[in-house]
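The exercises below are meant to be worked with the sequence and the structure side by side. Try each task before reading the solution that follows.

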Amino acid sequence: PLFEYTFDYPLPDDFLKMRAYNGQPVTTGNYIWEGQWVSSGYVIEGRSLLTNDTPVYITYTKRVTDPNLYDGLFYQTLATWLASKLANAIAHDSKKAADLLGMAMNGLLPTAVSVDGQEGTIAPLVSDALTWGR
């Protein structure tokens, strides 16, 4: 970088969103300064991470393009949603379309989101003495 930051790290090609920076979760405490998102000593400009820190470790959400890696509940939810669209378009059966849409949105989708949210390790609750004293 020309000024302000010392290092310019290229972001991975499959980068969508940063989750953690050097072990610290990226929070909503970010702010905008001159049209850039700024937080904790780094800034993302285009496909680059500008910072004064070295080394840098990030956790990020990546773009998955291999359908073999998708979860079975995703396929089931998508198939049911598409069936609701086809029931109305092909068979002109609006009741069946509404039933299938309800099954996808009210049954399968919340289950898929819940299962996805429970994957991985459990993060410990870190609290100060004041919170525990309440």
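**Exercise 1. The nonpolar patch**

Task: In this predicted model, determine which element gives the most to the nonpolar patch, and place Phe74 in its element.

Solution. Helix α1 gives the most to the nonpolar patch, with 5 residues. The patch itself lies on the surface and is formed by Val64, Leu69, Tyr70, Phe74, Tyr75, Leu78, Trp81, Leu82, Leu101, Met105, Leu109 and Val113, which together have about 1000 Å² of accessible area. The elements that contribute two or more residues to the patch are α1 (72-89) and α2. Phe74 is located in helix α1, and at a relative accessible area of 40% Phe74 is partly exposed. Because residues of a patch must have over 30% relative accessible area, the 40% of Phe74 satisfies that condition.

**Exercise 2. Another residue of the same helix**

Task: Decide whether Thr80 is buried or exposed, and list what Thr80 touches beyond residues up to four places away in sequence.

Solution. Begin with the location: Thr80 lies in helix α1. Its relative accessibility is 10%, and since buried means under 20%, Thr80 counts as buried. For the second part, once residues up to four places away in sequence are set aside, Thr80 touches Leu100, Met103, Ala104 and Leu108.

**Exercise 3. The order of elements and the overall surface**

Task: State how many helices and strands there are in the protein, and give what percentage of its residues count as buried.

Solution. The protein has 3 helices and 8 strands, and from the N terminus on these elements run β-β-β-β-β-β-β-β-α-α-α. Of the 134 residues, 19% count as buried. The accessible surface comes to about 10300 Å², with 59% of it belonging to carbon and sulfur atoms. Turning to contacts between residues at least 6 apart in sequence, 65% of them join residues at least 24 apart.

**Exercise 4. A sheet and its edges**

Task: Work out the order of the strands in the open sheet of 3 strands, and explain why one side of each edge strand is left without a neighbour.

Solution. Strands of a sheet pair through backbone hydrogen bonds, in either a parallel or an antiparallel sense. Here the order is β3-β2-β8, and the pairing is antiparallel. The edges are occupied by β3 (24-25) and β8 (58-62), each of which has a single partner strand, so one side of each has no neighbour in the sheet. Between β2 and β3 the antiparallel pairing extends over 2 bridges, and Tyr21 stands opposite Gln24 in β3. In the loop between β2 and β3 lies Asn22, whose phi is near 50°, a positive value in a residue other than glycine; Asn22 is partly exposed, at 29% relative accessible area.

**Exercise 5. The largest nonpolar core**

Task: Identify the residues of the largest nonpolar core, and find which strand supplies the largest share of them.

Solution. The largest nonpolar core has 7 residues, namely Leu11, Phe15, Met18, Tyr21, Tyr42, Leu49 and Val56. Its largest share, 3 residues, is supplied by strand β2 (residues 15-21). For one of the core residues the surroundings can be followed further: leaving aside neighbours within four places in sequence, Phe15 is in contact with Ile44, Arg47, Ile58, Tyr60 and Thr61.

**Exercise 6. The salt bridge**

Task: Find which side chains meet in a salt bridge, and describe how exposed Lys95 and Asp99 are.

Solution. Side chains of opposite charge can pair when their charged atoms come close. The structure holds 1 salt bridge, in which the side chains of Lys95 and Asp99 meet at 3.1 Å, N to O. Both residues lie in helix α2 (residues 94-117), 4 residues apart, which is about one turn of the helix. Lys95 is exposed, at 56% relative accessible area, whereas Asp99 counts as partly exposed, at 40%.

**Exercise 7. Backbone details in two loops**

Task: Locate the loop that holds Pro55 and the loop that holds His92, and describe the backbone at Pro55 and at His92.

Solution. Pro55 has its place in the loop between β7 (48-51) and β8, where a cis peptide bond, with omega about -5°, joins Thr54 and Pro55. His92 lies in the loop between α1 and α2, and its phi is near 55°, a positive value in a residue other than glycine. At 64% relative accessibility, His92 counts as exposed.

Conventions:
Residues numbered from 1 in each chain as written. Predicted model: local features only at pLDDT ≥ 70, side-chain atom pairs only at ≥ 80, totals over all residues. Heavy atoms only, no water. Buried < 20%, exposed > 50% of the residue type's maximum accessible area, 1.4 Å probe, protein only. Contact = heavy atoms within 4.5 Å. Areas by Shrake-Rupley, 256 points an atom, 1.4 Å probe, with all protein chains shown as cover. Core = buried A, V, L, I, M, F, W, Y, C linked by side-chain atoms within 4.5 Å. Pairing = 2+ DSSP bridges. Salt bridge = Lys/Arg side-chain N within 4 Å of Asp/Glu carboxyl O. Patch = residues over 30% accessible without salt bridge, like charges linked within 9 Å, V, L, I, M, F, W, Y side chains within 5 Å.
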